[in-house]
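Got your viewer open? Here's a short walk through the model, one selection at a time.

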Amino acid sequence: MENVPFAVASNLIHRLASADFLEFGKHYDVTEELEELKNTIESINAKLLDADDKQDQDDGVRVWIRRFKKVLHAADDSLDELAIQFRRDKLGAAEGKEVDKVLLSISSSNQLPLYTEMPDKIKEIRESFDGVVEDMDKLNLSPGSLVKQTNSEWRETCSFVLESDIIGRDDSKKEIISLLRQPHENRKVSVIAIVGLGGLGKTTLAQFVYNDLEVQNLFEMQMWVSVSDNFDVKTILKKILESITDGQRQDQSLENLQKELRKSLSGKKYLLVLDDIWNDSHDKWAKLRKYLMCGAQDSKILVTTRSESVAKAMTASPSYPLKGLTDEASWTLLKSIAFEDDFKGVNQNLESMGKEIAKKCKGVPLAVKTLGGLLRRQNEESEWENVILGDVWKLCEEQNSIMPILKLSYRNLSREMRQCFAYCSLYPKDSRIQKDELIQLWMAQGYLKCSTEKQYMEDVGNQFVKMFLMNSFFQDAGSEYGVIISFKMHDLMHDLAMLVAGNDYCYLDSKAVKVEGRPMHVSLESDETIHLLKSLDLSRLRTLILPFSLGEEEFSVANFKYLRVLRISSFSFFKLSDSFGKLKHLRYLDITDCYSLNGMPVGLGKLCSLQFLSTFVVGDSQEIKCGTLNELKDLNLIRGKLRIQPLDRVREVALESQDVNLKEKKLLQSLTLDWWLYGDFCNSDSLQLLENLQPHHNLKRLEVNHYPGVLFPNWLSLLTNVVHIRLYKLSKCRCLPPLERLPSLKSLDILFLHELEYIYLCEDGFAVTVFPSLESLTLEGCRKFRGWRRRGDDINDSHNLSLPLSFPHLSRLEASKCTQLTCMPTFPNVKDLKWYKCGEEPLIGTLNTTCSADSSSSAAPLSMLKKLNISDPMNLPKGWMQNLTSLESLFIRSESETLEVFETGFKDDTNCLPSLRQISFYYSRNLEALPDWICNLSLLQRMSIVRCRNLASLPEGMSRLTNLKIFEVYRSPLLLKECRTETSDVSRQIAHIPQIILTDW
């Protein structure tokens, strides 16, 4: 197939109608010519949907699409050059420079068209489409009707996230867990294979099992690796270690990898999931298996594969053949997606047709989900009847695949979404795709356009992602704070993306030997294929994503002058710095491994179309090749995230940073400012530098690390849209400006500000509500921090604010190692509280809180608390625990031999902490015995003891804890010894507990 440039055409039409091009048209007297060009492209764009649908059956249409793409992209590049130069001239005029009436070359011949020649140039671009229009008319293509996209309300907790929404797999889950529990006398590590067709739900079932609490308690360690068709032993070992450490690893030798893996797995009962295996070579499996045999007895490897021969090659015993869903379960799944759990619109006819469609899917969940998305909120019976009567079922039979169903869903996408989906083929199979990154790549290519002036392109991208998720093009979404941040593609959907992408998009893995066709977008897996770049067409490439570890191969990225997207290592970036200005079309620049980069090139500021710059590396101003911070001055289209580092290198603050102009970058969402503290720096200079780096008030996230100044600029109080603030190791900062009136602030982290004494409150009257949106607050390692105060408060009276204040919505509070903390707003509604080595005054003040005007709840203080992590001893008042009626998890770190602060509570009330399910004692080195009161916690289900080196006994009443399911002991040598001695009292006391975990490490 040929990929149809829907989004490029739509974006060009949109740009030609934009205010910038209208101004350009007036300035050069080409308004009429631009309008004619727009009309020509619109006439072609109207018939692209029909062309895309017909190209499978008509070679002539496919050839026409190829010709149209060539003309369209040439026009897009030429017009982009005009727009770039016009923008540069405007910036020059704003600075008082003389604007030349001559434009830079817009053709490969390097001729400079004069001002008077501009109408002819635009006409030439328009006429380049004449042949395309003539051939289009001969093909009898029809104008495509707009694809109807259901804009249903989005719920972040949809079925693709929740395991509870998995339908029809409960029995299979129980059977797999039963197999995992079975001992295997002849092998320490045995293999179980889930075998089934593509789209049948093997991966989903494995995830269902992997995340089950019973399975998590069965194994000491769990690892998940997506393998796919590249069964490379070294790569798999690396991924296993990444799964253990939860982070990416640098390239290592096979010898070092296997040593580290043996160290991690040795003697531990583990579960390893190897997802989507295609390798049926026993020899390759044998090479991997020898490194995995060091686990404890009854460790398991769970494999998912489409092939029984793969299961046999891996000596799986047993093999679990996964069956399709029942017709009833298929209908339940289809109905839940198509009607979004609102079954009022399901009349008898729709139900009858729905059951027939579900039955035709033959139990394949991906097919059911895809058609469910296609029919979402379609209450017209004709829409359902079209699916039943369509030829898609015959094609599925002929191809023995559900690909025709997936294609049907693809054809229901809008023009722009089709091209956005094709772009996803640049990611490798089974990879986790970061949502923000993908949206930024779409934006850089011009695939997204806003329907209103108030709308942001990020909003359009987010809506596309939601639609892809709702229609099962994406799945397995990961979220943070209730917001989708990543997802994956089913391998069949990835196959579809590669199919519709044609040769325009090319992912080169380590096995690639040549480049097919003339791709415009290229992503390389490793430096083993870097030599293939020499075969690319320089005039076509728009995306170049290079591997993290690029070798010494010589090539000039600067020759790809029409690049919109470039991801490159710092080493390679440094080599092209001399010719960087040639990449004037660049929208997205991501430099990996920036810590080894000496600075940004002079001329970066000329890239006035740049939208995404992941990191700006400050160079030494004495280096000729390095640009200063002022290179950022005119890059006002930058959006998303920006990190500036290391700010220590700024030698002359006034000269190097006075024109950074961050205040004009209104699209910037996240800003990180880093000092690395490797040089002397004057405090007054550091304050001025930070003043010069004031961002626009639209900023959503701010992070400042290692700032060496004593004072923090007052602009921090002006960030009215900021949601997250993180201040880390501001080693000399003594006070912070008022933050309590920031209306959008949800998360505030103040970490290791060793000299911080106060955070000031506003002086202009007393606000009734402070921190109106704050949900999470972390205070850690601020050893001199006393709390919040107004400048007029008596500095000697640090125990009280001049007006009682309270956090109205704070649900999470972590205060750790802030020993002087005495004065802060109360936190009566907190649900998750850590209070470690801090003064007890704020805690007592909260316990004494009465319902106030700024509180949204009338409940007793701390009655909503579910998780408490607390250190002992503290002088808390008698009865302090009586309000903790919702507490479910209690973590105690004690410095004393007993736990007196808790003892008194249970003496007065034997029903204290009625909801507690989990208790943990950790790093309590002086604790010798657990108190008797824990035996009153009748609902307790889990007890953990971690690094309590002197603890050797348990209370006699342990047998009363009949609901206790899990008992864990980690690195507590005396108690571990008692637990392992069959005749000991401790061993007798824990004999009734189903799950006992004893660990020396």
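## First stop: a three-stranded sheet

Start with an open sheet of three strands, ordered β6-β8-β7 and paired in the antiparallel sense. Its edge strands are β6 (433–434) and β7 (475–480), each of which pairs on one side only. Strands here are DSSP runs of E with at least two residues, numbered from the N terminus, and two strands pair if DSSP finds at least two bridges between them. Strands of a sheet pair through backbone hydrogen bonds, either parallel or antiparallel.

A word on what you're looking at: this is a predicted model, where local features need pLDDT of at least 70 and side-chain atom pairs count only at pLDDT 80 or more, while totals for chains, interfaces and linings use all residues. Residues are numbered from 1 along each chain as its sequence is written, and side-chain values use heavy atoms, leaving out hydrogens and water.

Now select β6 together with β8 (residues 483–488): two bridges join them, and they run antiparallel. Pick out Q434 and you'll see S486 of β8 standing opposite.

## Second stop: parallel strands

Jump to β17, residues 668–674. How many of its seven residues are buried? Six are, so to speak, tucked under cover; buried means under 20% relative accessible area, exposed means over 50%, and partly exposed is in between (1.4 Å probe, protein chains only).

Add β16 (residues 640–645), which pairs with β17 in the parallel sense over five bridges. Here I644 stands opposite L673 of β17. Then add β18 (residues 701–705): β17 and β18 also pair in the parallel sense, over five bridges. To see one of the partnerships, select T672 and its bridge partner in β18, E703.

## Third stop: charged patches

Next, show the surface and select D232, E525, D527 and E528, which form a negative patch. Patch residues have over 30% relative accessible area and no salt bridge, with like charges joined within 9 Å; a salt bridge is a side-chain nitrogen of Lys or Arg within 4 Å of a carboxyl oxygen of Asp or Glu. Zoom in on E528, in the loop between β10 (521–524) and β11 (543–545). E528 counts as exposed because its relative accessible area is 52%.

For the opposite charge, select R262, K284, K287, K290 and K511, which gather in a positive surface patch. Of these, K511 is in the loop between β9 (505–508) and β10.

## Last stop: R949

Finish in the loop between β30 (942–946) and β31 (966–970), where R949 is found. Select P973 too: the two are 24 residues apart in sequence, yet their C-alpha atoms are 6.0 Å apart in space.

Key: Patch = residues over 30% accessible without salt bridge, like charges linked within 9 Å, V, L, I, M, F, W, Y side chains within 5 Å. Areas by Shrake-Rupley, 256 points an atom, 1.4 Å probe, with all protein chains shown as cover. Lys, Arg positive; Asp, Glu negative; His and termini not counted. Charge placed at Lys NZ, Arg CZ, Asp CG, Glu CD. Helix = DSSP H or I, 4+ residues; strand = E, 2+ residues; numbered from the N terminus.
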